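User: Hello! I am new to this structure and would like to understand the words used to describe it. Could you take me through them?
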2 protein chains.
Amino acid sequence: MYVADYDVMKLVDEIQKENGTISEVYFVACGGSLIDLYSSHYFVNRESASMVSDWIPSKEFVLTPPKRLGKGSLVFICSHGGNTKETVEAADVAIEAGAFVVSYTHDDTSKCASDRYHAIVYKWEPETPQQEKPMCITYGILNELIHRQEPAYTLYEGMKDGILKCDGIIRKAMKTYQNKAWNFAEHYYQAPFLYIMSSGAAYAQAYGFAICSLQEMQWMDCCYLNTAEYFHGPFEVTDEEHLYILMMSVGKTREIDLRAKAFLEKYAKKYEIIDAADCGLETIDENCVDYFNAALFYEMSVLYRTAIQNKTGHPLDMRRYMGVVEY
Amino acid sequence: MYVADYDVMKLVDEIQKENGTISEVYFVACGGSLIDLYSSHYFVNRESASMVSDWIPSKEFVLTPPKRLGKGSLVFICSHGGNTKETVEAADVAIEAGAFVVSYTHDDTSKCASDRYHAIVYKWEPETPQQEKPMCITYGILNELIHRQEPAYTLYEGMKDGILKCDGIIRKAMKTYQNKAWNFAEHYYQAPFLYIMSSGAAYAQAYGFAICSLQEMQWMDCCYLNTAEYFHGPFEVTDEEHLYILMMSVGKTREIDLRAKAFLEKYAKKYEIIDAADCGLETIDENCVDYFNAALFYEMSVLYRTAIQNKTGHPLDMRRYMGVVEY
């Protein structure tokens, strides 16, 4: 179905009718699509008493599926183009095990849009609001499912509010950060290497900034770090020559980011702070706000990579291997 | 208790007596100690029908503990020095929630060796056999626990055999690879940057090679990748100038590694293959062998970092921040 026809209540009705009580949720995809699902994985394990979650690259899921994969499992699959081979294989592994499969794709003619799954075809235009993109659709489904499975669940209204509210907040933040992103690119577009950090539910946005926005789209070398791990090894390379981007979350893991910031202020010289606290996220319920940093940081990575592209002249869509050669 | 006094049967008796049926296992630590627990996390989710697992940096666990943490939870904590602040905090969060906490440390005077937890003090000498180190001790505990909780579990004898057998295999492999490691260091000790990849249950060994062996111990910049993700972004940087280390596993995820190898052979020029298939791991039960790549690759990272140290003259134990300044 298209997002326009998508109805969270109806989909959760179907989940419950077809599969009964859900005990495990699996998030399965590759690269950018996998990254988009990380904060939902984090959400399930931190907020649900009835379900647990795992976040698994498609080919790993195909070759070594979870032992518990079965009728009690809800599997979210995502492939933007919709024909990523490993992801389609993974969806079929899940279907054959009896799981309820929700598949996201941008292309309604692709394999992931098949009736074999519960397919949701999303739009991905500059004007598409966050609540119509996979991350927030997933929050919507999980929020409704947890609400129905767990009488003690308290985040129901807060999550709903955040899902609706985050788009406006993020659009405003993009304007606030535009000039800062241009300045970063002006100084560092030729940087031979950099580290990118974020924490908690937003950790995968450091990963995505690195592997999608820079390695894939700019052929720029970089490394991603979970800020919680920075002080347990990686910080030893820090000095005045090393370049960092630190994406600071609002919410429960903010103190991890603050500690990294204090260290960079003392021992580094080249670092860019992207701070969700400058972006108006604090109007979202404080018990839910952790989960909305990820959507903000994704859009920030788009802002920064576009600014970098404008300096490097390396088109974001240029590929030398992906979709070009056999592999 | 010391490893010498450690008895897997007795410990699992205690787990069952104090906490009954275990439904979740959490692996919680920082940096190198967290890395050591990853393959056990993978093992639980792929092989256990009665338990699920998560793998969480200590400070994340403290600030955003899993909703289900409680009496049904078994928590493995590891801190080599035994006083890592976040890890001790995490152990206490777990204890207060009613979980059964097994804490590993190398120092019997440290906080992690406290009677408050079920502490296991391990040796970490060149002659210490794998079965007395945390990774294999954890396999032993989980293997026994799954065997008792799940009548259909089939890996019991195979895992026991692998735990006993892997030390001899790994020691022999170190000799086979010594000259190769020296040659790698001779060519690349001044490399400004490299990528390190591994797959499946051994993925965290690429992470560890990067953040511990090179970033922490050699102040060398590098990035780690899950081989399953290489073709979904990161491979776009590959060319004849980029340097890679690919650790190829034996077992179910080997085909992921083989695909990456074929790509490197075609498009790269500088790459080091560390192949578990050259190392005799195939004498371990094929249904269990996936879980023994990690111990092999850890020792390989020690071999390679030592070879690099000998060329750079940068002592592996030199730190500028860790244990030196306040942070």
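Analyst: Gladly! Let us start with a pair of residues: Y26(A) stands opposite D54(A), which belongs to strand 2 of chain A. Please keep in mind that this is a predicted model.

User: What makes strand 1 and strand 2 of chain A a pair?
Analyst: Two strands pair if there are at least two bridges between them. Strand 1 (residues 24-29) of chain A and strand 2 of chain A have 6 bridges, in the parallel sense. The cut-off is met, so the two strands count as paired.

User: Which strands of chain A are called edge strands, and why?
Analyst: Chain A has an open sheet of 5 strands in the order 2-1-3-4-5, with parallel pairing. Strand 2 (52-57) and strand 5 (118-121) of chain A each pair on one side only, and that makes them the edge strands. From one strand to the next, the twist averages 15 degrees.

User: What packs on this sheet?
Analyst: Helix 5 (residues 134-149) of chain A does, touching strand 1, strand 3 (73-78), strand 4 (100-105) and strand 5 of chain A. The direction of this helix makes about 170 degrees with that of strand 3 of chain A.

User: Why is S53(A) called buried?
Analyst: Buried means under 20% relative accessible area. S53(A), in strand 2 of chain A, has 5%, so S53(A) is buried. Among the residues that S53(A) touches are V25(A), F27(A) and V44(A).

User: How do you know that the side chains of S53(A) and H41(A) make a polar contact?
Analyst: The distance cut-off for a pair of N or O atoms is within 3.5 Å, and one atom must be able to donate a hydrogen while the other accepts it. For the side chains of S53(A) and H41(A) the value is 2.7 Å, and the pair is listed as a polar contact.

User: What makes D54(A) and R46(B) a salt bridge?
Analyst: A side-chain nitrogen of Lys or Arg has to be within 4 Å of a carboxyl oxygen of Asp or Glu. Here the N to O distance is 4.0 Å, and the side chains of D54(A) and R46(B) meet in a salt bridge. D54(A) lies in strand 2 of chain A and R46(B) in helix 2 (residues 31-47) of chain B, so this pair joins two chains. D54(A) is buried at 8% relative accessibility, and R46(B) is buried at 6%.

User: How do you know that the salt bridge of K59(A) and E255(B) joins two chains?
Analyst: K59(A) lies in helix 3 (residues 58-63) of chain A and E255(B) in helix 8 (residues 254-267) of chain B, so the pair links two chains. Their side chains meet at 3.4 Å, N to O.

User: Why is K59(A) called buried, and why is E255(B) called partly exposed?
Analyst: The buried class ends under 20%, the exposed class begins over 50%, and partly exposed is in between. K59(A) has 15%, so K59(A) is buried. E255(B) has 44%, so E255(B) is partly exposed.

User: Where do K261(B) and E265(B) lie?
Analyst: Both are in helix 8 of chain B, 4 residues apart, about one turn of the helix. Their side chains meet in a salt bridge at 3.5 Å, N to O. K261(B) counts as partly exposed at 26%, and E265(B) as partly exposed at 45%.

User: How many salt bridges does the structure hold over all chains?
Analyst: There are 44 over all chains.

Terms used. Residues numbered from 1 in each chain as written. Chains lettered and ligands numbered in written order. Predicted model: local features only at pLDDT ≥ 70, side-chain atom pairs only at ≥ 80, totals over all residues. Heavy atoms only, no water. Axes fitted to C-alpha atoms, helices over the stretch in contact; angles between N-to-C directions. Contact = heavy atoms within 4.5 Å. Buried < 20%, exposed > 50% of the residue type's maximum accessible area, 1.4 Å probe, protein only. Lists of a residue's contacts leave out its neighbours within four places in sequence.
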